Amino acid sequence: MGFFFFSFFIVPLTLTLTVISTVNSCPPSDRAALLAFKAALTEPYLGIFNTWTGNDCCSSKWYGVNCDPTTNRVADINLRGESEDPIFVKSGRTGYMTGSISPEICKLDRLTNLIVADWKGISGEIPKCLTSLSSLRILDLIGNKLTGEIPADIGNLKRVTVLNVADNAISGQIPASIVGMSSLMHLDLRNNKISGEIPADFGKLGMLSRALLSRNQITGSIPTSISQMYRLADLDLSENRISGQIPEQLGKMPVLSTLNLDCNSVSGQIPAGLLSNTRMGILNLSRNGLDGKIPDVFGSNSYFMALDLSYNSLKGPIPGSLSSAKYIGHLDLSHNHLCGSIPAGSPFDHLEAVSFMNNDCLCGNPLKTC
């Protein structure tokens, strides 16, 4: 009787311990998705995937994997090929990985951060199913060899704050749905093969603070709607094929401090507001087709760390009001059709001749005497 009672008691206890052990580990479906993701990649030098062993993918031993402590579901994949992590320091090299990003990753439906960055050799396309990950907040795939297009339904990712696919070989257009990414704060599409026009309603991205689209093949004009982006501080459209005029409204943006439009086919005159806006600190309009005079609108609160208007068709004199600016760090007015005497005083007394060379008839220090 006593033995029967003890056996009856111990069996439920064993079952309870088994259930607790299972609850505290990641579900088999998450583990299977991670192993399928791993199987599509090859990392030959660091051995980071050698840590992906055992039944519990929420174990701290699984390099780059983190789980939600309340649900034990995989929440973060953070794999960076350039890191100060001891595994990189010990090997004395940056990471290198080939293969592709398996669509099986999309079965991790509680994923909030997906970072697979700077591995240099990962190819293939961005899995379209990533747009179904409604909890995703960071999608960072910079520095690989990804091809194909940005998924058309990218706008479904309403919670994403960072979208970074720079330094790949992505083609196609910027999806029209991107304006639906209502939480997006940082957009980096630099150094790809993206073509077509910027969506006309791009300004709907009201939370965006940085839009980095340089070194692509983007055409068309700069959407006027961008001026509605009251949080936008950094806009980089350089090294594209953008044409048309610079919208005057950009000069009225409340926090825009960096505007790079260099190496495009922008034409027309420079909006006065871009030069009089005291929040503007870096303005690069070089290597375009701008003409007319440089607006004489600088003031005592003008503070430019860099002002580059070189390689255009600007005419007339150098504005005298530049001398009243609080600070002008780098100034380049070379390769235009400017004429007249270079104003005296700051900032001109610390600039070299290269800032004024190849104009029609500029004279005065640091060029030849008028």
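In this predicted model, strand β19, which covers residues 303-308, pairs with β21 in the parallel sense over 5 bridges. Two of the residue pairings help to place the register for anyone following along in the structure: F304 has I328 as its bridge partner in β21, and A306 is matched in the same strand with H330. Strand β19 also has a partner in β17 (residues 282-284), and here 3 bridges join the two strands, which again run parallel. Within that pairing, the bridge partner of N284 is D308 of β19.

These strands belong to a wider arrangement. The sheet is open and contains 12 strands, in the order β2-β3-β5-β7-β8-β9-β11-β13-β15-β17-β19-β21, with mixed pairing. Its edges are formed by β2 (65-67) and β21 (327-332); each of these has a single partner strand, so one side of each is left without a neighbour in the sheet. On average, and with direction ignored, neighbouring strands of the sheet are turned by 10° against each other. As a general point for reading such a sheet, side chains in a regular strand alternate between its two faces.

Helix α2 (residues 28-39) packs on this sheet, where it touches β2, β3 (74-80) and β5 (113-117), and its direction makes about 20° with that of β3. The geometry of the helix is easy to check: at 1.5 Å a residue, its 12 residues should span 16 Å, and the end C-alpha atoms are indeed 16 Å apart, which agrees. Which residues of α2 are buried? They are D30, A33, L34 and F37. Seen down the helix axis, the buried residues of α2 fall within an arc of 95°, so they line one face of the helix. That buried set packs against β1 (41-42), β2, β3 and β5. On the other side of α2, P28 and A39 are exposed.

Another helix, α4 (residues 272-276), holds L274. Is L274 buried or exposed? With a relative accessibility of 0%, L274 counts as buried. Once its neighbours within four places in sequence are left aside, L274 is in contact with I246, L250, G251, L259, M280, L283 and F304. The last residue in that list, F304, brings the picture back to β19 and β21, since F304 is the residue bridged to I328. L274 and the buried residue F37 of α2 are 237 residues apart along the chain, and their C-alpha atoms are separated by 48 Å.

Attention now turns to the cysteines. The structure holds 5 disulfides, and a disulfide is, in general, a covalent bond between the sulfur atoms of two cysteines. With the bonded cysteines counted along the chain, the disulfides follow the pattern 1-2, 3-4, 5-6, 7-8, 9-10. One of them joins C58 and C67, whose sulfur atoms are 2.2 Å apart. The torsion about this S-S bond is -95°, and the link of C58 and C67 is left-handed.

A further disulfide is formed by C339 and C361, with a sulfur-sulfur distance of 1.4 Å. This link, too, is left-handed, with -115° about the S-S bond. The pair links distant parts of the chain, as C339 lies in strand β22 (residues 337-341) and C361 in strand β23 (residues 361-363), 22 residues apart. How accessible are the two cysteines? C339 has 31% relative accessibility and counts as partly exposed, and C361 is partly exposed at 36%.

C363 and C370 form another disulfide, their sulfur atoms 2.0 Å apart. Here the torsion about the S-S bond is about 100°, so the link is right-handed. The two partners sit in contrasting surroundings: C363 is buried, with a relative accessible area of 14%, whereas C370 is exposed, with 60%. A separate cysteine, C263, counts as partly exposed at 29% relative accessibility.

Technical notes. Residues numbered from 1 in each chain as written. Predicted model: local features only at pLDDT ≥ 70, side-chain atom pairs only at ≥ 80, totals over all residues. Heavy atoms only, no water. Pairing = 2+ DSSP bridges. Helix = DSSP H or I, 4+ residues; strand = E, 2+ residues; numbered from the N terminus. Axes fitted to C-alpha atoms, helices over the stretch in contact; angles between N-to-C directions. Contact = heavy atoms within 4.5 Å. Disulfide = S-S within 2.5 Å. Buried < 20%, exposed > 50% of the residue type's maximum accessible area, 1.4 Å probe, protein only. Expected span 1.5 Å × (residues − 1). Arc of directions from axis to C-beta.
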